[in-house]
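Work through the exercises below with the sequence and the model open. Try each task before reading its solution.

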Amino acid sequence: MDTAEIALRLGIAAAAGALLGLNRDLHNKPTGVRTLGLVGLASALIVIAVGGDSGDISRVMQGIVTGIGFLGAGVIVRAE
């Protein structure tokens, strides 16, 4: 994978996260554009860094989903 493709993938991931965050901001939810943009960017960066073996990528994805779940739980606890 060359540098341009990596940059494109990271940009798309950050933009997708920011788009979700914008939707949350428009509905006055606590987690917004910056947080979800950074989560998308970091998730894509980690998956790209791990690279080839599909077994490793599935473990990384499992960790990412768990971490996002903890973020969601923190938002729920904070809102109450």
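The expected span of a helix is 1.5 Å times one less than its number of residues. Keep in mind that this is a predicted model.

**Exercise 1. Compare the span of H1 with its expected value.**

Solution.
- Count the residues: H1 has 24.
- Take the distance from the first C-alpha of H1 to the last, which is 34 Å.
- Set this against the expectation at 1.5 Å a residue, also 34 Å; the two are close.

**Exercise 2. Describe the overall fold and state how far the prediction can be trusted.**

Solution.
- List the elements: there are three helices and zero strands. Along the sequence the pattern reads α-α-α.
- Check burial. Of the 80 residues, 18% count as buried.
- Check the surface. The accessible area is about 5800 Å², and carbon and sulfur atoms hold 67% of it.
- Look at contacts with a separation of 6 or more. Residues 24 or more positions apart account for 36% of them.
- Now the confidence. The mean pLDDT is 83, and 88% of the residues reach 70 or more.
- Compare the helices. Confidence is highest in H1, at a mean of 92, and lowest in H3 (residues 54–79), at 75.
- Apply the caution: where pLDDT is low, predicted coordinates should not be read in detail.

**Exercise 3. Identify the buried residues of H1 and name a helix that helps cover them.**

Solution.
- Pick out the residues under 20% relative accessible area. In H1 these are Leu-10, Ala-13, Gly-17 and Gly-21.
- Find the cover. H2 is included in what covers these residues.
- Turn to H2 for a buried residue. Ser-43 lies in this helix. Ser-43 counts as buried because its relative accessible area is 17%.
- Add a distance across the chain. The C-alpha atoms of Ser-43 and Gly-67 are 9.9 Å apart, with their positions 24 residues apart along the chain.

**Exercise 4. Which residues make the nonpolar surface patch, and is Leu-19 buried or exposed?**

Solution.
- Name the members: Leu-19, Leu-22 and Leu-26. Together they make a patch of about 330 Å².
- Place Leu-19: it belongs to helix H1.
- Classify Leu-19. Its relative accessibility is 59%, so it counts as exposed.
- Find a partner distant in sequence. Gly-37 is 18 residues away along the chain, yet the C-alpha atoms of Leu-19 and Gly-37 are separated by 7.8 Å.

**Exercise 5. Locate the salt bridge and explain its spacing in the helix.**

Solution.
- Count first: the structure holds one salt bridge.
- Name the pair. Arg-9 bridges to Glu-5, with the closest N and O atoms 2.8 Å apart.
- Recall the principle: side chains of opposite charge can pair when their charged atoms come close.
- Explain the spacing. Arg-9 and Glu-5 are four residues apart in helix H1, so about one helical turn separates them.
- Recall the geometry: an α-helix has 3.6 residues a turn, so residues three or four places apart point the same way.
- Classify both ends. Arg-9 is partly exposed because its relative accessibility is 42%. Glu-5 is partly exposed too, at 31%.

**Exercise 6. What is notable about the phi of Asn-28, and where does the residue lie?**

Solution.
- Read the angle. Phi of Asn-28 is near 55°, a positive value in a residue other than glycine.
- Compare with the rule: most residues other than glycine have a negative phi.
- Locate the residue. Asn-28 sits in the loop between helix H1 (3–26) and helix H2 (33–50).
- Classify it. Asn-28 counts as exposed because its relative accessibility is 71%.

Technical notes
Residues are numbered from 1 along each chain as its sequence is written. Side-chain values use heavy atoms; hydrogens and water are left out. Buried means under 20% relative accessible area, exposed over 50%, partly exposed in between (1.4 Å probe, protein chains only). Patches are made of residues with over 30% relative accessible area and no salt bridge: like charges are joined within 9 Å, nonpolar side chains (Val, Leu, Ile, Met, Phe, Trp, Tyr) within 5 Å. Accessible areas come from the Shrake-Rupley method with a 1.4 Å probe; for residues, only the protein chains shown count as cover. A salt bridge is a side-chain nitrogen of Lys or Arg within 4 Å of a carboxyl oxygen of Asp or Glu. Contact means heavy atoms within 4.5 Å. pLDDT is the predictor's confidence in each residue, from 0 to 100.
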